[in-house]
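Let's take a walk through this model together, from the overall make-up down to single residues. Keep the structure open beside you as you read.

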Amino acid sequence: IAGTLLWTQSHFNPAVANFLRAAAGPAGGAAPGAQAAILPLPEGVTALTAPERFDRESLSDKIDGKAELYLSAGFTGLAAQRLAVADPAGAWIEVFLYSMGSVENAYAVFSSQRRADGVPIGIAEFAYRAENALFFVHGPTYVEMIASGREAGLTRAMEELARGFIGSRPAAPSAAIAERDLFPAEGLAASGITLIPADAFGLEGFDRVFTAVYAVAGGEATAFLARREGPQAAAAAAIAFADFLGAYGGEPKGADDPVPGARAIAIMDTYAVVFARGDFVAGVHEAPDLAQALALAGRLADRLKEAPGAR
């Protein structure tokens, strides 16, 4: 028996040796899971769990209750992983990389889920942090990072992770979202501009609608616009929106000035205006009075004159 043991030790299985070397991690003390991370890891951050991947059929297994927003915006895949952070000890960050197919789709989920307490940060054109989280858009990817606490070390780690991810994946600029520049700047609320991917305001089929909240006398009003496939489609969309409000008790109001051809509707103690300009359907929703609704619609109509396809 002793002889057999000595012989075995002198002929150690190289496969076992390779396994032990892999388990110990690469030279220099790198973390065991670092090579399996879904994004580049800065110093002090290691992979805590194996990557998880989800498609359109399995997305609700990970984010039950929110999956429909992502699916309606063009979601194609999700990679998620929990990472361990050395400082503070025992802390972690969970990273979600949503593949959305286009920068516009990524912006749709980013803007639709924007937190009211978000603080913009300069790592990307569309990026902010809020409490224990960080959110941004990079090309066709929408990224969420959720930390286990609010310590400064976790905030630094999330920003380092974000910069590493952006640096590792070249992406075209987001100039494709040109509709954002068509809203009047005066009075625009700090919450910014949102892209609703589908069924805006509850109207089925009213998709790819950009909205912006404005401060007006007596409260707030929401301006909106959406590019359609041509003037006829835009005009049909305007009629459909007006008819939709009418079906829920909306009452027509005069609206020839200052937006010729517009339709104004009073509904549930608020006012809406809708019109078509070239390839665009646009208007105002939930204004506190008719004068404010028409004034904001007039400013929006003037801005649309500058857009290709809107004259």
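Before we start, one term: two residues touch, or are in contact, when they have heavy atoms within 4.5 Å of each other. With that in hand, take T222, which is located in strand 11. Leaving aside residues up to four places away in sequence, T222 touches T211, A212 and V213, and also G283, V284 and H285. T222 counts as buried because its relative accessible area is 15%, and buried means under 20%.

Now step back to the whole chain. What you are looking at is a predicted model, and the protein in it has 311 residues, of which 45% count as buried. Eight helices and 15 strands make up its list of elements. Among contacts with a separation of 6 or more, 57% are between residues 24 or more positions apart.

The strand that holds T222 is a good way into the sheet. Seven strands come together there in the order 9-10-11-15-14-13-12, with antiparallel pairing, and the sheet is open. Its edges are strand 9 and strand 12 (251-253), each of which pairs on one side only. If you compare neighbouring strands, they are turned by 20° against each other on average, direction ignored. Helix 7, residues 231-247, packs on this sheet and touches strand 11 (219-227), strand 13, strand 14 and strand 15 (280-287). The direction of helix 7 makes about 165° with that of strand 14. Helix 8, residues 290-304, lies across strands 10, 11, 12, 13, 14 and 15, and runs at about 20° to strand 14.

Let's follow the sheet towards its strand 12 edge. Strand 12 and strand 13 run antiparallel and are joined by three bridges, with P252 standing opposite I265 in strand 13. On to the next pair: strand 13 (residues 263-267) and strand 14 (residues 270-277) are also antiparallel, and they pair over five bridges. One bridge sets A264 against V273 in strand 14, and A266 stands opposite Y271 of strand 14. The two strands form a hairpin with two residues between them, and M268 in the turn has a positive phi of about 50°.

How enclosed is strand 13 by the rest of the structure? Largely so, because four of its five residues are buried. A266 is a residue of strand 13, and it is buried because its relative accessible area is 15%, against a cut-off of 20%. Not counting residues up to four places away in sequence, A266 touches G249, G250, E251, K253 and Y271. P252 is 14 residues from A266 in sequence, while their C-alpha atoms are 6.5 Å apart in space.

For a view of another part of the protein, turn to helix 6 (residues 152-168), where you will find L161. Its relative accessibility is 0%, so L161 counts as buried. Residues touched by L161, with those up to four places away in sequence left out, include L39, P40, L41, P42 and V45. L83, I93 and M145 are also touched by L161. L161 and L39 are 122 residues apart in sequence, yet 7.6 Å separates them in space, C-alpha to C-alpha.

Last, have a look at the largest pocket, which holds about 460 Å³ of space. It is lined by 21 residues, and the closest to its centre are R114, A190, S191, G192 and I193. The elements that give two or more residues to this lining are helix 5 (103-112), strand 6 (127-130), strand 9 (188-196) and strand 10 (209-216). Which strand gives the most to the lining of the largest pocket? That is strand 9, with five residues, and strand 9 is also one of the edge strands of the sheet we have just followed. By class, the lining of the largest pocket has 11 nonpolar, six polar and four charged residues.

Key. Residues numbered from 1 in each chain as written. Predicted model: local features only at pLDDT ≥ 70, side-chain atom pairs only at ≥ 80, totals over all residues. Heavy atoms only, no water. 1 Å grid on protein atoms, 1.4 Å probe; cavity = no way out; pocket = protein on both sides within 12 Å on 5 of 7 lines; lining within 4 Å. Points joined across faces, edges and corners; volume = space filled by probe spheres on them. Nonpolar A, V, L, I, M, F, W, Y, C, P; charged D, E, K, R; others polar. Pairing = 2+ DSSP bridges. Axes fitted to C-alpha atoms, helices over the stretch in contact; angles between N-to-C directions. Buried < 20%, exposed > 50% of the residue type's maximum accessible area, 1.4 Å probe, protein only.
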